[in-house]
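Before reading on, please take a moment to look over the sequence and the model below. The paragraphs that follow go through it step by step, beginning with a contact between charged side chains.

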Amino acid sequence: LVRVDTSTGSLRDAGGAQRDDLKSVLAAVTQDGMALKYAGNALQADRDVVLAAVRQTGWALAFAARELRANREIALAAVTQNGLAIMHVEKALQADPLVAHASRHAPREMRTVSPTKP
């Protein structure tokens, strides 16, 4: 058996293979949604990975592929977890009544997010 460290730091320091490995990335974002920042591009565009990440922390939406930031289900999960995540929802979807309502009534936690990869 091989032990896989699923912390954000280990994914950040990992090589391409681990960043592109569905199982490793899914485990990492479930533990810390911000690990999505270090996932490979294909997994940042994977619905299940992004949904797991934003359920853990809405701020992870900043690292999701653009088309998923425009996905209503994912946007709702993100803003329900943290209302301030609405700033990462695609503009057209920010006006959606359900998304806007969820954002206004969800907990709000400020976090510094730098959406660029190392």
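In this predicted model, a useful place to begin is the salt bridge in which the side chains of Glu 90 and Arg 69 meet, with a distance of 3.5 Å from N to O. Because Glu 90 lies in the loop between H7 and H8 while Arg 69 belongs to helix H6, the pair ties together parts of the chain that are 21 residues apart in sequence. Glu 90 has a relative accessible area of 17% and is therefore buried, since the cut-off for that word is under 20%. Arg 69, with a relative accessibility of 18%, also counts as buried.

The surroundings of Arg 69 fill in this picture. Its place is in helix H6, which covers residues 66-69, and, when neighbours within four places in sequence are left aside, Arg 69 is in contact with Leu 61, Ala 62, Ala 64, His 88, Val 89, Glu 90 and Leu 93.

Glu 90 has a further partner in Arg 66, with which it forms a salt bridge whose closest N and O atoms are 3.3 Å apart. This pair, too, links distant parts of the chain, for Arg 66 is in helix H6 and Glu 90 in the loop between helix H7 (72-81) and helix H8 (91-94), 24 residues apart. Is Arg 66 buried or exposed? At 57% relative accessibility, Arg 66 counts as exposed, whereas Glu 90 is buried.

The structure holds five salt bridges, and another of them joins Asp 96 to Arg 72, with the closest N and O atoms 3.0 Å apart. Asp 96 sits in the loop between H8 and helix H9 (97-105), and Arg 72 in helix H7, so that this pair again links distant parts of the chain, 24 residues apart. Asp 96 counts as buried at 17% relative accessibility, while Arg 72, at 39%, counts as partly exposed. Elsewhere, Arg 47, Asp 48 and Glu 73 are linked in a network of salt bridges.

From the charged pairs we can turn to the nonpolar interior. The largest nonpolar core has 35 residues, and those with the most contacts inside it are Val 25, Val 29, Leu 36, Val 50, Val 54, Leu 61 and Ile 74. Helix H3 (22-31), H5, H7 and H9 are the elements that give two or more residues to this core. For Val 25, the contacts beyond its neighbours within four places in sequence are Leu 11, Gln 18, Arg 19, Ala 39, Leu 43 and Val 49.

Helix H7 is also the place of Val 79, a residue that is buried, with a relative accessible area of 0%. Not counting residues up to four places away in sequence, Val 79 touches Ala 85, Ile 86, Val 89, Val 99, Ala 102, Ser 103 and Ala 106. One of these partners, Ala 102, is 23 residues from Val 79 in sequence, yet the two are 6.2 Å apart in space, C-alpha to C-alpha.

Finally, the confidence of the prediction deserves attention. The chain averages a pLDDT of 86, and 81% of the residues score at least 70. Among the elements of the chain, helix H5 (residues 47-56) has the highest mean pLDDT, 98, and helix H1 (residues 8-13) the lowest, 66.

Terms used. Residues are numbered from 1 along each chain as its sequence is written. This is a predicted model: local features need pLDDT of at least 70, side-chain atom pairs count only at pLDDT 80 or more; totals for chains, interfaces and linings use all residues. Side-chain values use heavy atoms; hydrogens and water are left out. Helices (H or I, at least four residues) and strands (E, at least two) are DSSP runs, numbered from the N terminus. Buried means under 20% relative accessible area, exposed over 50%, partly exposed in between (1.4 Å probe, protein chains only). Contact means heavy atoms within 4.5 Å. A salt bridge is a side-chain nitrogen of Lys or Arg within 4 Å of a carboxyl oxygen of Asp or Glu. pLDDT is the predictor's confidence in each residue, from 0 to 100. A nonpolar core is a set of buried Ala, Val, Leu, Ile, Met, Phe, Trp, Tyr and Cys residues joined through side-chain atoms within 4.5 Å.
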